[in-house]
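Let's take a walk through this chain together. Have the structure open and turn it as you read.

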Amino acid sequence: ETGLPTGFIKSGFLLLPPYDQTAAIKWCEAHHQAYEMVDSVDAKLVSNHHSQLSLWMPDVCQARPPFLMRALRQWLEQNNVTLLEQTELSPLDEIKPINTWKTLDGLEIKADKFVVTSGAWSFQLLKSVADKLNIKPMRGQILLYQPAENLKQIVYKDGFYMIPRADGQLLAGSTLEDVGFDTSVTEEVKAELAAKAEAIMPSLKGLPIIKHWSGLRPGTPENLPTISAHPQIQNLY
């Protein structure tokens, strides 16, 4: 509807060993995802010396978050949705239906329903009314390359992923660090991520790292998203 790119492409997904093959196949079949067991699908990867085959899922797609967010913003503007930027809400302090939600600078936002989508910051807003909401920030550090010949597909091994973008860039990450709201990056992690990337794709050795950054994702004990209606506040989600 906006004509803006979202980076949405079908790139496929290659799961390298070691992994729980029974669980992976069960997941694919339960979610109707095509898969096959393969030795290799890309000559740029280290050849598989493992006794276990890789799992190839040809239909997996990717999107590029900054592009997707720009398109989403344009869509909201085209559909006359009001955006209040740089506006911080006050934490909720009592369990009762809410018709208005105050901001820190004194505004009152009125609505029939409220949806909190604040990621790692959600618990800060809701801790007085949802003390069992086990969401906390988990830092992920990521590297960006621009190899002469990129991967054809997403590659995943032991919690580490490499994602080739349509413009030739390659994302490699990410860590899972319990350091609160600290978004700094470290040289130690940079070296660790580079070593993992080079072990999977040797042609990255000696290439410059274009960018090294971090982001905060919302972490939960089960590592699953928390999506539900509030058990007592009827119009809060």
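Start with the charges: in this predicted model, the chain carries 22 positive and 27 negative side chains. Work out the centre of each set, and the two centres turn out to lie 2 Å apart.

Now zoom out to the whole chain. Its C-alpha trace spans about 60 × 40 × 35 Å along the principal axes, and the fold contains four helices and 12 strands. Of the 237 residues, 35% count as buried. The chain exposes about 14700 Å², and 55% of that area comes from carbon and sulfur atoms. What about contacts across the sequence? Take the contacts with a separation of 6 or more: 69% of them are between residues 24 or more positions apart.

Next, find helix H1, which runs over residues 21-30. Which of its residues are buried? Ala24, Ile25 and Cys28 are. These three sit on the same side of H1, because they cover an arc of only 95° around the axis. There's a handy rule behind this kind of pattern: an α-helix has 3.6 residues a turn, so residues three or four places apart point the same way. Roll H1 over to its other side and you meet Thr22, Lys26 and Ala30, which are exposed.

So what lies over the buried residues of H1? The cover includes strand E2 (13-15), strand E3 (36-38) and strand E4 (54-57). Have a look at the two ends of the helix as well. At the N-terminal end, aspartate 20 acts as a cap: one of its side-chain oxygens lies 3.3 Å from the backbone nitrogen of threonine 22. After H1 comes histidine 32, and its phi is positive, near 55°.

Finally, travel along the chain to threonine 103. You'll find threonine 103 in the loop between strand E6 (100-102) and strand E7 (108-110). Is this loop residue buried or exposed? Threonine 103 has a relative accessible area of 3%, and buried means under 20%, so threonine 103 counts as buried. What does threonine 103 touch? Leaving out residues up to four places away in sequence, threonine 103 touches Thr87, Glu88, Leu89, Ser90 and Ile109. There's a partner closer by in the sequence too: the side chain of threonine 103 makes a polar contact with the side chain of aspartate 105, at 2.5 Å.

Notes: Residues are numbered from 1 along each chain as its sequence is written. This is a predicted model: local features need pLDDT of at least 70, side-chain atom pairs count only at pLDDT 80 or more; totals for chains, interfaces and linings use all residues. Side-chain values use heavy atoms; hydrogens and water are left out. Buried means under 20% relative accessible area, exposed over 50%, partly exposed in between (1.4 Å probe, protein chains only). Helices (H or I, at least four residues) and strands (E, at least two) are DSSP runs, numbered from the N terminus. The arc is that of the directions from the helix axis to the C-beta atoms. Contact means heavy atoms within 4.5 Å. A polar contact is a pair of N or O atoms within 3.5 Å; within protein, one must be able to donate a hydrogen and the other to accept it, and residues adjacent in sequence count only if both atoms are side-chain atoms. Accessible areas come from the Shrake-Rupley method with a 1.4 Å probe; for residues, only the protein chains shown count as cover. Lys and Arg count as positive and Asp and Glu as negative; His and the chain ends are not counted. The place of a charge is taken as NZ of Lys, CZ of Arg, CG of Asp or CD of Glu.
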